[in-house]
Amino acid sequence: MRIALVSAFPPSRHHLSEYGFHLADELRRQEVDFTVLGDEYSSEEPELPGFVVRRCWRAGDLNNVPRILSALRENQPDVVWFNLVYSTFGANPLAAFSGLCAPALARAAGFRTHVTLHHLMDVCNLRHADIAFPRLYRFAGSIATRLLLRADSVSVLLERYRRVLQQRYGATNIGVRPHGTLGAPNPPNPALRPANEFRILALGKWGRYKRLEALLEALPVVLAAVPNASLLIAGCDHPNRPGYLADLEQKWSAHPRIKFLGYLDEGQFDDVFRSAHVAVLPYLSSGGPSGVAHIAARFALPIIGTNIDDLVRLADEEGLALDTYDPRSSAELAARLIALACDPARQARMAEQNYGVALNTTMSRIVTSYVAEFARLVGGQPAIPAAPEGEVTAA
């Protein structure tokens with residue numbers, strides 16, 4: 001079985017490139033024959049060694065579908081696997097929409113297709129995306145969703161998403177597969193976390209619905225009660241919010257208890273996450289199950305996040321230890337951080353719980369489930385009947 005994985009892929013830093021890397025890395029570990037059909041990128045960095053990558057599409061290009069189809073005709077895979085969010089093919093609505101036609105057109109061209117859809121337009125809060133015509137945008141999103149559902153099968157990351165697709169669109173080809181922990185789980189090791197410090201870590205693509213203002217406002221209150229606290233800010237700007245981090249760094253970089261780490265490559269995660277005491281998810285709304293939450297679980301890290309639906313459901317469905325706070329209240333966030341800093345025993349319990357989640361949702365288990373689904377498609381076998389509500393169907 002030969003697979004073509006259509007995904008943003010490092011060294012690109014476009015949406016889901018890190019996730020695409022972990023999917024490809026696990027396919028390689030399982031000795032699956034595959035090619036990455038990746039996005040073109042502008043840096044001079046070389047391709048990652050050990051992968052077969054063809055750069056055949058570019059975010060914002062209106063010509064992506066014919067380019068992808070041309071690559072598929074040359075590659076002749078048994079299954080085409082699309083790793084997508086709605087903005088994968090560009091921030092421009094026309095480029096994004098045209099790119100999302102690729103799975104349906106690939107299937108029409110005779111290829112077996114599978115879509116991993118990381119979020120749903122139906123449940124996104126467009127208020128934080130500065131959309132000028134939200135009703136038109138949501139209508140176009142519903143059409144894009146119907147096109148994506150023309151794939152042979154679709155995976156979503158939350159049971160809630162499957163219910164929406166079944167109830168609103170009549171979909172019958174949906175499976176639920178967890179996000180996965182993006183790397184080997186690391187057992188809790190308090191010795192790696194400085195005993196004389198309480199390190200708060202925030203990682204993300206910042207400026208749109210992931211914002212740091214409430215966390216920065218909470219820090220002085222936290223420091224008044226926990227003088228040894230410090231804040232590590234990692235990541236980069238959201239593609240639609242260039243300059244967001246630079247503005248914050250200009251204002252806050254002189255603060256002795258704040259450190260801006262910049263973009264973290266995969267090799268830097270160990271040192272940063274294993275030395276932190278808590279990961280904070282300061283999201284105003286959600287673009288799908290949080291990848292940062294799964295990385296935190298991988299490193300046995302307690303998590304504090306906003307009380308938004310996708311985070312709450314993620315914690316409930318996967319069993320994550322997650323404290324929540326009102327996204328509008330920096331005071332409530334400060335209280336959650338102070339309470340956790342003053343309770344090492346609870347830190348240890350949350351760490352153990354999240355490590356257990358990581359063990360149950362390794363990328364090995366997730367990708368094995370995908371490969372089994374692809375074998376079903378290639379073999380022409382009928383879909384497995386949908387599981388009862390609340391039951392996860394894979395991994």
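In this predicted model, R211 and E213 pair up through their side chains, forming a salt bridge with an N to O distance of 3.1 Å. Neither partner is fully tucked away: R211 has a relative accessible area of 26%, so it counts as partly exposed, and E213, at 28%, falls into the partly exposed class too. The general idea behind such a pair is simple: side chains of opposite charge can pair when their charged atoms come close.

The R211 and E213 pair has company, as the count for the model comes to 20 salt bridges. Another of these links E47 to R55, whose side chains meet at 2.8 Å, again taken from N to O. Here the two partners sit in separate classes. E47 is partly exposed, with 34% relative accessibility. R55, on the other hand, has a value of 18%, and because the cut-off for buried is under 20%, R55 counts as buried.

What about a pair inside a helix? E373 forms a salt bridge with R376, and the closest N and O atoms of this pair are 2.8 Å apart. Both residues belong to helix α14, which covers residues 363–379, and they are three residues apart in it, so about one helical turn separates E373 from R376. Accessibility tells the rest of the story for this pair. E373 has a relative accessible area of 12%, which means that it is buried. R376 is buried as well, also with a value of 12%.

Salt bridges can also join up beyond a simple pair. In this model, E40, R58, D61 and R67 are linked in a network of salt bridges. Two of the residues in that network, E40 and D61, carry the carboxyl side of the pairing, while R58 and R67 bring the side-chain nitrogens.

Moving away from charged side chains, L105 offers a look at how parts of the chain that are apart in sequence come together. L105 lies in helix α4, which runs over residues 102–108. With a relative accessible area of 40%, L105 is partly exposed. Leaving aside residues up to four places away in sequence, L105 touches V65 and L69. The backbone gives a matching view of this region: L105 and P66 are 39 residues apart along the chain, and their C-alpha atoms are separated by 9.4 Å.

Terms used:
Residues numbered from 1 in each chain as written. Predicted model: local features only at pLDDT ≥ 70, side-chain atom pairs only at ≥ 80, totals over all residues. Heavy atoms only, no water. Salt bridge = Lys/Arg side-chain N within 4 Å of Asp/Glu carboxyl O. Buried < 20%, exposed > 50% of the residue type's maximum accessible area, 1.4 Å probe, protein only. Helix = DSSP H or I, 4+ residues; strand = E, 2+ residues; numbered from the N terminus. Contact = heavy atoms within 4.5 Å.
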